[in-house]
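Reader: I should like to learn how one reads a ligand site in a protein model. Where should I begin?

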Amino acid sequence: MITVFGEGRGFRVVWLLEEMGLPYRLRPVDLIAGVEDDAEFLSINPGGFIPAIQDGEVVMAESIAIMEYLMARYGPTPLAPAPHEPDFPAYQQFLHLGEAGLAASIYFVVGARNFAPETERHNWSAGQALEVFESRLRLVTRQVARSPYLAGERFTAADISVTYALELAQRAGGVVLGDAEQAYVTRTSGRPAYARAMDTCQATKAWAAASAGS
Ligand SMILES: N[C@@H](CCC(=O)N[C@@H](CS)C(=O)NCC(=O)O)C(=O)O
């Protein structure tokens, strides 16, 4: 049984597991309350950040690396184009751009907007992070004008990676998506596996509902 520690970017992992039909359990991690006393979680990830997984002897952090591990270990799966397929380069690029370009930068904008003291909310670093997010988003904008999914005609793990980042930006980063990006997110988040992942990730579900109503 695969254990997923924490929601947040762990939603990507849960969504992937649902797409692949693999059994798992979600072990909540409460970052707001603090993980200092969560010895079990800290033994899995001494860095204290989420997500992490335990799969037998395997322990891992980093959501994109975890997704790559799961697809390699339990695939093959259409969620991961093979290197010889024409869609592979775009798949690789957007799989990583979803975290390294988009989520990693908007995460600090979200922190500044929602958790920083009033005087720090629009500080220089938050502005720079938003500019980085917006510049990387241009690659997504161009791609969704060309094809329904980021790697072409079929849904892949790159779409899980990027959809998570776009929804984070929209819900908590003050980002307004363009029509084509919004249509893309509606398409990817309309998948049955996304709905099942939401049902597993109750904190994410509550947060999404609250942000939709605000
Ligand atoms: N690149 C990492 C980012 C992990 C990350 O920053 N997670 C956030 C929540 S989604 C977190 O745990 N923040 C608290 C911390 O970094 O201490 C990934 O994709 O898993």
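**Reading the ligand site**

Author: Let us begin with a single contact in this predicted model. A polar side-chain atom of Y107 lies 2.7 Å from a nitrogen atom of the ligand.

Reader: What cut-off makes such a pair a polar contact?

Author: A pair of N or O atoms counts if the two lie within 3.5 Å. Two further residues offer such atoms: the side chain of E99 has an N or O atom 2.9 Å from a nitrogen atom of the ligand, and a backbone N or O atom of I50 lies 2.7 Å from a ligand nitrogen atom.

Reader: How much of the ligand does the protein bury?

Author: One compares the area with that of the ligand taken alone. Here the ligand alone exposes 500 Å², and the protein buries 76% of that.

Reader: Which residues are around the ligand?

Author: They are G8, R9, R12, L31, F49, I50, P51, E62, S63, E99 and Y107. By class, this shell holds 5 nonpolar, 2 polar and 4 charged residues.

Reader: Where does the ligand sit?

Author: The ligand occupies the largest pocket, whose volume is about 1000 Å³. Its lining comprises 27 residues, with G8, L31, I50, Y107 and Y164 nearest the centre. Two or more lining residues come from each of helix 4 (88–115), helix 6 (157–172) and helix 9 (202–213).

Reader: Which helix gives the most to the lining, and how is the lining divided by class?

Author: Helix 4 gives the most, with 6 residues. The lining as a whole divides into 16 nonpolar, 6 polar and 5 charged residues.

Methods
Residues are numbered from 1 along each chain as its sequence is written. This is a predicted model: local features need pLDDT of at least 70, side-chain atom pairs count only at pLDDT 80 or more; totals for chains, interfaces and linings use all residues. Side-chain values use heavy atoms; hydrogens and water are left out. A residue is near a molecule or strand if one of its heavy atoms lies within 4 Å of it. A polar contact is a pair of N or O atoms within 3.5 Å; within protein, one must be able to donate a hydrogen and the other to accept it, and residues adjacent in sequence count only if both atoms are side-chain atoms. Accessible areas come from the Shrake-Rupley method with a 1.4 Å probe; for residues, only the protein chains shown count as cover. On a 1 Å grid over the protein atoms alone, a cavity is a set of points where a 1.4 Å probe fits but cannot get out, and a pocket is an open set with protein on both sides within 12 Å along at least five of seven lines; lining residues have an atom within 4 Å of a point. A molecule sits in a cavity or pocket if more than half of its atoms lie within 2 Å of its grid points. Ala, Val, Leu, Ile, Met, Phe, Trp, Tyr, Cys and Pro count as nonpolar, Asp, Glu, Lys and Arg as charged, and the others, Gly among them, as polar. Grid points are joined across faces, edges and corners, and a volume is the space filled by probe spheres set on the points. Helices (H or I, at least four residues) and strands (E, at least two) are DSSP runs, numbered from the N terminus.
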